[in-house]
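Work through the exercises below with the sequence and the model side by side, and try each task before reading its solution.

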Amino acid sequence: MGKTTSNSSPPKPPEDREKPITGSDVFIEVLRQEGVELMFGYPGGVVLPLFDALFKSPIEFILSRHEQGATHMADAFARVTGKVGVVLVTSGPGACNTVTGLATAYMDSIPLVVITGQVKTPLIGNDAFQEADTTGITRPITKHNYIVKEPKDLPRIMHEAFHIARTGRPGPVVVDLPVDVSTTPMQADAARAELNLPGYRIRTEGHLRQIKRAADAINQAQRPVVYAGGGVILSDASEQLRAMVHQANLPITTTLLGLGCFDENDPLSLHMLGMHGTAYANFAIQECDLLVAIGARFDDRITGDVSHFAPHARIVHIDIDPSSISKNVKVDIPVVGDAKKILTEMIKYVEYGERKKWFAHIDQLKQTYPLTYDNSGDHIKPQYVIDEVGRQTKGRAIVCTGVGQHQMWTAQFYRFSLPRHFVTSGGLGTMGFGFPASIGAQLAHPDATVIDFDGDSSFSMTLNELPTAVENNLPVKVCVLNNGYMGMVRQWQELFYGKRYSKSYLQHPSFAKVAEAFGAVGLTATRKDEVTAIIEQMLAEKKCCIVDFHIEREENVWPMVAAGKGLHEMSGLPAGTSERV
């Protein structure tokens, strides 16, 4: 029998022995190297090794109540910070539940990396439990996607995913990760890897000749208009845009996603254009002789009937995505590159133009076609709620929305002055986006006032995320503009389907009581004279607060450019005015 010494120690129990480095550990290290401090998602069987590695990492993980909610949270986090939003979910149904969030981010060019678990590599294609062809499903709605088949490729693919998501025209990238890759032993230094993207080249510097051509066109124009989109915000070019617009003395209108890139309180602002844009912006577009589009893509909600869009104008288009140039509208002077770099250079060449006649005409348009509403009755007008929130927050809140009438009223009546302070689903028009987005925005900026203007139908789609807000002590404020309808659907049914309200009305619970049941604060307003005080109370709350505003049931969004019409063919203009031709 062997003799033991006094300084000998018993063998370590199995749980205390040093574990080998696995793919999961490398995965976490790559996230650390990419600067990830916060991520969102929902666990499941094949991602348990990743969650086990996450357990001892410093990365904060926000557990949503549904994978779609997690993806919207990460999307909003990316929109308000400029960083890449990160999501981790399981295979099969978990991956499929991210599809709406991926499509939302893809349409609006938002940088996300979504990691989806996958069954073991030998089982792929065998209809294994909770297997789905994630890369096949998400290929049309992602900037790029991967499936990791070899453990050695994991660090390179992860680094490439972040690089692709954040560079050029941003977008979501999916990494599908089989469980056996995450459990394979790897070298401790495996997390560092060289990118291998031979066909991926981004042009950020605009061609100087094209920049000078654009500047000359601006200097010569008598009736110019700047049309700025979400690309200005994505490139952090708001400061350069404002400097260029003021230096050249140009009227400017913005898209829905461009709101905040230029101060809407500035006299040069024409506010939003398009289907529910201001009449004066739309008429200015139709009458201008030069249209300078920056970080915008001429989508159908902006142009109306393209054959009648800006009929008298030469068009300058600044965009980082060459495939967007002349895609929908023929462009005269394309400038491909990063908006921030191009505007920085363009400032050197643009000159101040007084253009008294053009600005006098625009002032007359603003006086003739003001953006207004009738607030004389006893019912709560949705525009009044938004006006009052804007007044009490001094226009400095981070504002999120769902999709529908309330989204358009918010865009019209909340005056945005700062970039990355408006978060909404533009291209896909995703109902239910607003509330989880407000959670992501609040996590990104814990000390900010975050408001979600939502519709009753839109809010109902994702109110299951209330526990996420409550357990994370997030003081998000939700203004539910409740008219008992799918408001925009009902408006179209009124205008184009003879008021046949087919399945557009819904029965909802008391949102205030639902909020209280989840541990949030719930308030209800049914009279106009309650609005000011209840908004004061809402803003003072330190907890998540839901306010159910019972608004005028059949209030419509005006003005409106009907499908197939030109921007000058608006309905709902102020009484006593007429459409211009």
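The exercises that follow concern a predicted model, and each task is followed by a solution in steps.

**Exercise 1. Cysteines**

Task: Find how many disulfides the structure holds, and decide whether Cys544 is buried or exposed.

Solution: Begin with the count, which is zero disulfides for the structure. Next, take Cys544 and look for the nearest cysteine sulfur, which belongs to Cys545 and lies 7.4 Å away. A disulfide needs a pair of cysteine sulfur atoms within 2.5 Å, so Cys544 is in no disulfide. Then turn to accessibility, where buried means under 20% relative accessible area; Cys544 has a value of 3% and therefore counts as buried. Finally, set beside this Cys96, which is partly exposed because its relative accessible area is 34%.

**Exercise 2. From the helix H1 to a β-α-β unit**

Task: List the buried residues of helix H1, and then work out which elements make a β-α-β unit and of what hand this unit is.

Solution: Start with helix H1, which covers residues 23-33 and has as its buried residues Gly23, Ser24, Val26, Phe27, Ile28, Val30 and Leu31. When reading such a list, recall that an α-helix has 3.6 residues a turn, so residues three or four places apart point the same way. Just after H1 comes Gly35, which takes a positive phi of about 80°. The next step is to look at strand S1, residues 38-41, and strand S2, residues 60-63, which run parallel and are joined by four bridges. Within this pair, Leu38 stands opposite Glu60 in S2. Lastly, add helix H2, residues 48-55, and the path S1, H2, S2 is seen to make a right-handed β-α-β unit.

**Exercise 3. A pocket and a cavity**

Task: State how much space lies in the second largest pocket, and identify which residues line the largest cavity.

Solution: The second largest pocket comes first, with about 540 Å³ of space. It is lined by 21 residues, of which Tyr106, Arg169, Asp321, Ser323 and Ser324 are the closest to its centre. Sorted by class, the lining of this pocket has eight nonpolar, six polar and seven charged residues.

For the second part, note that the structure holds one cavity of 30 Å³ or more, and that the largest cavity has a volume of about 40 Å³. Its lining is made of His271, Met272, His276, Gly277, Thr278, Leu371, Ala411, Gln412 and Arg415. Strand S9 (269-272) and helix H17 (405-413) are the elements that give two or more residues to this lining. By class, the lining of the largest cavity has three nonpolar, five polar and one charged residues.

Conventions:
Residues numbered from 1 in each chain as written. Predicted model: local features only at pLDDT ≥ 70, side-chain atom pairs only at ≥ 80, totals over all residues. Heavy atoms only, no water. Buried < 20%, exposed > 50% of the residue type's maximum accessible area, 1.4 Å probe, protein only. Pairing = 2+ DSSP bridges. Right-handed = clockwise from strand over helix to strand, strands pointing away. 1 Å grid on protein atoms, 1.4 Å probe; cavity = no way out; pocket = protein on both sides within 12 Å on 5 of 7 lines; lining within 4 Å. Points joined across faces, edges and corners; volume = space filled by probe spheres on them. Nonpolar A, V, L, I, M, F, W, Y, C, P; charged D, E, K, R; others polar.
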